[in-house]
Amino acid sequence: MLIRSDDSGFIHPRSSEITPRAAYEGRRDMLKLLAGGMAGAALASWAARDALAQATAPGKLAALQGQKSAVPGAQTMEKLTDYKDATSYNNYYEFGTDKGDPVKNAGTLKTRPWTVEVEGLVKKPGKYGIEDLIKLSAQEERIYRLRCVEGWSMVIPWVGYSLAELIKRVEPQGSAKYVEFVTLADPKTMPFVGSRVLDWPYAEGLRMDEAMHPLTLLTFGMYGEVLPNQNGAPVRIVVPWKYGFKSAKSIVKIRFVEKEPGTAWNKAAAQEYGFYSNVNPNVDHPRWSQATERRIGDGSGLFAKRHKTLMFNGYEPQVGQLYAGMDLKKFY
Ligand code: MTE
């Protein structure tokens, strides 16, 4: 067991498993030294990035820190998106369709007690209380780009562990070919669940090999703290090589199935949002190009800096082989 929880459900990593506070504080001192030109620029930008993560987290939520992940592709030198932007510019349609709605409305989401049911074609189905799920494997910090299909992106330090860790424990049957994620749809606490904008509950799915890929993160926190409600508390997935809408928030069921499951956006507009939804600059959305993206925080409007969108969101070395031989225009 790598982390423990107190009665409130808040989790505290064991001191041996996280960067000790002194080391974090030491980084600030190091930064000063680096600014004085005592080490290389690369090192300076790593330290600056870490310092930024510390400086921008508001410290209001419970700490949830992870070890720096060794999974290939799980670290980046890119500048982190400000915590404030990452937590106030959201898509969480259960709480409204404007980017500013979730931060205003998601306070009603009740994240304790919380149970995730694992069901379907597995040898060991079961119900996991959120505290047990958090403790199931060591928390890691992964810095992923999240690329939304709408053409913007963020760089976020997520905290969680590979979904594969959970999948291995529940022992899928041979007939399980896909994993379906079903999220909370509670009209009492989620004002837009009554609306007809999507077919509730919001559901998503992955092929089994995608779900087992080490980059697929069962996510409990960001910026060293538990997830804010608007970002999908208490548990979501993050699939960094796919458009953001695949990363379902506030999951209550993980179901193993034989056939490709229906997904919220595919049901809403099948010709625009396919099951795979891999980030792909060569396949445009029917109504707009996917060739470039705007990094949130880089400015907006006509003068916003655009970044070239990368195949599989830059994770091609890690995930490209999952799609070998597939026509990605057909399986968009
Ligand atoms: N999950 C649920 N339950 N409901 C949603 O509306 N929106 C998706 C995804 N997960 C959504 C969801 C979309 S469109 C995106 S881009 C990401 O969450 C946004 O995640 P973020 O707000 O943490 O950046």
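**Exercise 1. Classify Asp 209 as buried, exposed or partly exposed, and identify its salt-bridge partner.**

Solution. Asp 209 has a relative accessibility of 32% and therefore counts as partly exposed. The classes are set as follows: buried means under 20% relative accessible area, exposed over 50%, and partly exposed in between, with a 1.4 Å probe and protein chains only. The model is predicted: local features need pLDDT of at least 70, side-chain atom pairs count only at pLDDT 80 or more, and totals for chains, interfaces and linings use all residues. Residues are numbered from 1 along each chain as its sequence is written, and side-chain values use heavy atoms, with hydrogens and water left out.

The partner of Asp 209 is Arg 207, with the closest N and O atoms 2.8 Å apart. A salt bridge here is a side-chain nitrogen of Lys or Arg within 4 Å of a carboxyl oxygen of Asp or Glu. Arg 207, at 13% relative accessibility, is buried.

**Exercise 2. State how many salt bridges the rule gives, and locate the elements that hold Glu 131 and Arg 112.**

Solution. The count comes to 17 salt bridges. One of them joins Glu 131 to Arg 112, whose closest N and O atoms are 2.6 Å apart. Glu 131 belongs to helix H5 (residues 130-135), while Arg 112 sits in the loop between helix H4 (101-105) and strand E4 (115-120), so the pair ties together parts that are 19 residues apart in sequence. Helices (H or I, at least four residues) and strands (E, at least two) are DSSP runs, numbered from the N terminus. Arg 112 is partly exposed, with a relative accessible area of 24%. In addition, a network of salt bridges links Glu 78, Arg 145, Arg 147, Glu 293 and Arg 295.

**Exercise 3. Describe the setting of Glu 180 in strand E8, beginning with its salt bridge.**

Solution. First, the side chain of Glu 180 meets that of Arg 255 in a salt bridge of 3.2 Å, N to O. This pair links distant parts of the chain: Glu 180 is in strand E8 (residues 178-183) and Arg 255 in strand E13 (residues 251-257), 75 residues apart.

Second, Glu 180 is buried at 12% relative accessibility, whereas Arg 255 is partly exposed at 24%.

Third, six of the six residues of E8 are buried, so the strand is largely enclosed by the rest of the structure. Tyr 178, Glu 180 and Val 182 point one way from E8, and Val 179, Phe 181 and Thr 183 point the other way.

Fourth, strands pair if DSSP finds at least two bridges between them. E8 is joined to the antiparallel strand E9 (residues 203-207) by five bridges, and Gly 205 is the bridge partner of Glu 180 in E9. E8 also pairs with E13 in the antiparallel sense, over six bridges; there, Val 257 is the bridge partner of Tyr 178.

**Exercise 4. Determine how many residues surround the ligand, and which polar atoms approach it.**

Solution. The ligand is surrounded by 16 residues, a residue being near if one of its heavy atoms lies within 4 Å. The closest are Tyr 93, Glu 94, Arg 236, Ser 247 and Lys 249.

Polar contacts are pairs of N or O atoms within 3.5 Å. A side-chain N or O atom of Asn 90 is 2.8 Å from an oxygen atom of the ligand. A polar backbone atom of Ser 247 lies 2.8 Å from a ligand nitrogen atom. Taken alone the ligand exposes 530 Å², of which the protein buries 99%; these areas come from the Shrake-Rupley method with a 1.4 Å probe.

Key. A polar contact is a pair of N or O atoms within 3.5 Å; within protein, one must be able to donate a hydrogen and the other to accept it, and residues adjacent in sequence count only if both atoms are side-chain atoms.
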